[in-house]
Amino acid sequence: MKAPNTTSRPRWRRISQAQLDLSNMLRLLWEQHVWWTRSFIISVAFDLPDLSVVTARLLRNPKDFEAALMPLYGKEIAAQFAALFTAHLTIAAELVQAAKAGDTVRAAEAEIRWYQNADRIAAFLAHINRFWSEEVWKTMLHRHLAMTKDEAVAILSGNYKQGID
């Protein structure tokens, strides 16, 4: 099989090793976010003794994102993202804990704030990078929140297969 001719591709379509490394790092951070969020939900649902260490690890994720974004956007913007993302996690924690306690009013209030926070994250990301669409980010983040809520409800309800699906 013949190797592709990359010299005929426009320069703007090629990516550097640094760009690939950054992309892979951001994917890893998003995967860790999902993994540790699920671990948090499980720890809350079953009153596991690891809740404090799982929570600490989950809350490290925004700082990891901050470190990844700092070389690109500077300290201030990276810190702003970390603050928005930390709020995302703490609101989610409130929502899960309220749902487990059966406090539907507190859960509904947290869910509203969770979606408002997602909208702020989408606007922020679109503001710092002209190649990112606020609407695309909003759609992705809202889908993420809906899937996370479905997962938490399934786990709290004992529908473990549904929680995995």
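**Helix α5, salt bridges and backbone angles**

Reader: Which residue follows α5 with a positive phi, and near what value does that phi lie?

Author: The model discussed here is predicted. In it, α5 gives way to a glycine with a positive phi. That residue is Gly 158, and its phi is near 80°.

Reader: How far apart are the end C-alpha atoms of helix α5, and what span should its 23 residues have?

Author: Helix α5 covers residues 134–156, and a rise of 1.5 Å a residue gives its 23 residues an expected span of 33 Å. The distance between the end C-alpha atoms agrees with this expectation, at 32 Å.

Reader: Which residue caps the N-terminal end of α5?

Author: The cap is recognised by a side-chain oxygen that lies 3.3 Å from the backbone nitrogen of Glu 135. A polar contact requires N or O atoms within 3.5 Å. The residue that supplies the oxygen is Ser 133.

Reader: Against which helices do the buried residues of α5 pack?

Author: The buried residues of α5 include Trp 137, Leu 141, His 144 and Leu 145. Further along, Thr 148, Glu 151, Ala 152, Ala 154 and Ile 155 are buried as well. The buried residues of this helix pack against α1 (17–45), α3 (75–101), α4 (104–128) and α6 (160–164).

Reader: Which residues make the nonpolar surface patch of about 280 Å²?

Author: One member of the patch, Tyr 160, is found in helix α6. Tyr 160 has 43% relative accessibility and therefore counts as partly exposed. The patch is made by Phe 46, Leu 48 and Tyr 160.

Reader: Why are Arg 60 and Asp 64 separated by about one helical turn?

Author: The two side chains meet in a salt bridge, 3.3 Å from N to O. Arg 60 is partly exposed at a relative accessible area of 43%, and Asp 64 is partly exposed at 21%. The separation is about one turn because both residues belong to helix α2 (residues 51–73), where they are 4 residues apart.

Reader: What distance separates the closest N and O atoms of Arg 106 and Asp 103?

Author: Arg 106 is partly exposed, with 39% relative accessibility, and Asp 103 is partly exposed, with a relative accessible area of 31%. A salt bridge requires the nitrogen and oxygen to lie within 4 Å. Arg 106 and Asp 103 form such a bridge, with their closest N and O atoms at 3.9 Å.

Reader: Are Asp 165 and Lys 161 buried or exposed?

Author: These residues form a salt bridge whose closest N and O atoms are 2.9 Å apart. Asp 165 and Lys 161 are each classed as exposed.

Reader: Where is Asp 47 found?

Author: Most residues other than glycine have a negative phi. Asp 47 is not a glycine, yet its phi is positive, about 50°. Asp 47 is exposed, with a relative accessible area of 60%. This residue is found in the loop between α1 and α2.

Reader: Which backbone oxygen does the side chain of Asn 61 reach?

Author: Asn 61 lies in helix α2 and is buried, with a relative accessible area of 1%. Leaving aside residues up to four places away in sequence, Asn 61 touches Leu 29, Gln 32, His 33 and Phe 85. At 3.3 Å, its side chain reaches the backbone oxygen of Leu 29.

Methods. Residues numbered from 1 in each chain as written. Predicted model: local features only at pLDDT ≥ 70, side-chain atom pairs only at ≥ 80, totals over all residues. Heavy atoms only, no water. Helix = DSSP H or I, 4+ residues; strand = E, 2+ residues; numbered from the N terminus. Expected span 1.5 Å × (residues − 1). Buried < 20%, exposed > 50% of the residue type's maximum accessible area, 1.4 Å probe, protein only. Contact = heavy atoms within 4.5 Å. Polar contact = N/O pair within 3.5 Å; in protein donor to acceptor, adjacent residues only side chain to side chain. Patch = residues over 30% accessible without salt bridge, like charges linked within 9 Å, V, L, I, M, F, W, Y side chains within 5 Å. Areas by Shrake-Rupley, 256 points an atom, 1.4 Å probe, with all protein chains shown as cover.
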